[in-house]
Amino acid sequence: MTDLPHPPDPSDLPGVPALRTAPVEGDAMLEQWRLVHNAVVPPAAMSPAQARVRRERYLLDNAYAGDVLVGCSTVRPPVGEERVATVIARVLPEFRRRGFGSVIYGNALDRARSLGAGVVETCVLAANEDGLRFALRRGFAEVERYVLDGERDEWVDLRLLVTERGD
């Protein structure tokens with residue numbers, strides 16, 4: 001599979017504030033990350049303590065249009081022989097379809113690649129049709145659907161092969 005080009009930054013469009021991503025540092029930023037996570041995937045809503053564990057294990061970023069929080073991302077560093085990394089981009093519903101998800105995803109993908117990812121995966125709540133379409137349009141293919149023990153919500157794991165870039 002070849003590298004997919006990154007779409008233009010929505011801030012290049014007239015009237016759209018610059019999108020910036022920032023690593024989650026401190027409790028206030030972690031609470032913002034958690035707010036976005038819980039709004040996008042309510043069945044997997046997490047407590048502040050659970051979010052702190054995530055911050056210790058994974059790379060978390062928040063995304064802002066100007067000073068307004070619009071989304072977040074999670075990068076699970078590469079593991080195993082295949083160097084599988086997980087990249088998850090989330091955009092609050094009221095900010096979707098403006099290009100923000102593409103930028104958040106692109107930044108997270110670049111981060112996974114910089115960590116040596118050989119394969120990139122993502123996980124989407126099956127009920128999140130926007131998220132599934134977003135992943136499929138970027139070259140992800142469905143690998144598995146499942147329901148976690150004791151729960152009712154279906155999840156979809158998707159995979160994208162990462163190739164070396166020529167730059």
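## A tour of the largest pocket and some charged pairs

Start by selecting helix H4: with six residues, H4 gives the largest share of the lining of the largest pocket. Keep in mind as you click around that this is a predicted model.

**Stop 1: the pocket**

Now bring up the pocket itself, which has a volume of about 850 Å³. Its lining has 38 residues, and those closest to the centre of the pocket are Val40, Ala89, Arg90, Asn128 and Gly131. Select these five and you have a good landmark for the pocket centre.

Which helices and strands each supply at least two residues of the lining? Colour helix H1 (26-40), strand E4 (84-91), helix H3 (100-114), strand E5 (119-125) and helix H4 (129-137) to see them. If you then colour the lining by residue type, you should find 20 nonpolar residues, seven polar ones and 11 charged ones.

**Stop 2: Arg97 and its partner**

Next, go to the loop between E4 and H3 and select Arg97. Its backbone is worth a look: phi is near 65 degrees, a positive value in a residue that is not glycine. Is Arg97 buried or exposed? Arg97 has a relative accessible area of 68%, so it counts as exposed, the cut-off being over 50%.

Add Asp130 to your selection. Asp130 and Arg97 form a salt bridge, with their closest N and O atoms 2.8 Å apart. This pair joins distant parts of the chain, since Asp130 sits in helix H4 and Arg97 in the loop between E4 and H3, 33 residues apart. Asp130 is partly exposed, at 23% relative accessibility.

Why can such a pair form? Side chains of opposite charge can pair when their charged atoms come close.

Now widen the selection to Arg96, Arg97, Asp130 and Arg133: salt bridges link these four in a network.

**Stop 3: Arg145 and two glutamates**

The structure has 11 salt bridges in total, so there are others to visit. Select Arg145, which is partly exposed at 39% relative accessibility. Its side chain meets that of Glu142 in a salt bridge of 2.8 Å, N to O. Arg145 also forms a salt bridge with Glu154, where the closest N and O atoms are 3.2 Å apart. Both glutamates are partly exposed: Glu142 has a relative accessible area of 42%, and Glu154 is at 34%.

**Stop 4: Arg83**

Finish in the loop between strand E3 (68-79) and E4, where you will find Arg83. Arg83 is not a glycine, yet its phi is positive, near 60 degrees. Arg83 counts as partly exposed, at 34% relative accessibility.

Note on methods. Residues are numbered from 1 along each chain as its sequence is written. This is a predicted model: local features need pLDDT of at least 70, side-chain atom pairs count only at pLDDT 80 or more; totals for chains, interfaces and linings use all residues. Side-chain values use heavy atoms; hydrogens and water are left out. On a 1 Å grid over the protein atoms alone, a cavity is a set of points where a 1.4 Å probe fits but cannot get out, and a pocket is an open set with protein on both sides within 12 Å along at least five of seven lines; lining residues have an atom within 4 Å of a point. Grid points are joined across faces, edges and corners, and a volume is the space filled by probe spheres set on the points. Helices (H or I, at least four residues) and strands (E, at least two) are DSSP runs, numbered from the N terminus. Ala, Val, Leu, Ile, Met, Phe, Trp, Tyr, Cys and Pro count as nonpolar, Asp, Glu, Lys and Arg as charged, and the others, Gly among them, as polar. Buried means under 20% relative accessible area, exposed over 50%, partly exposed in between (1.4 Å probe, protein chains only).
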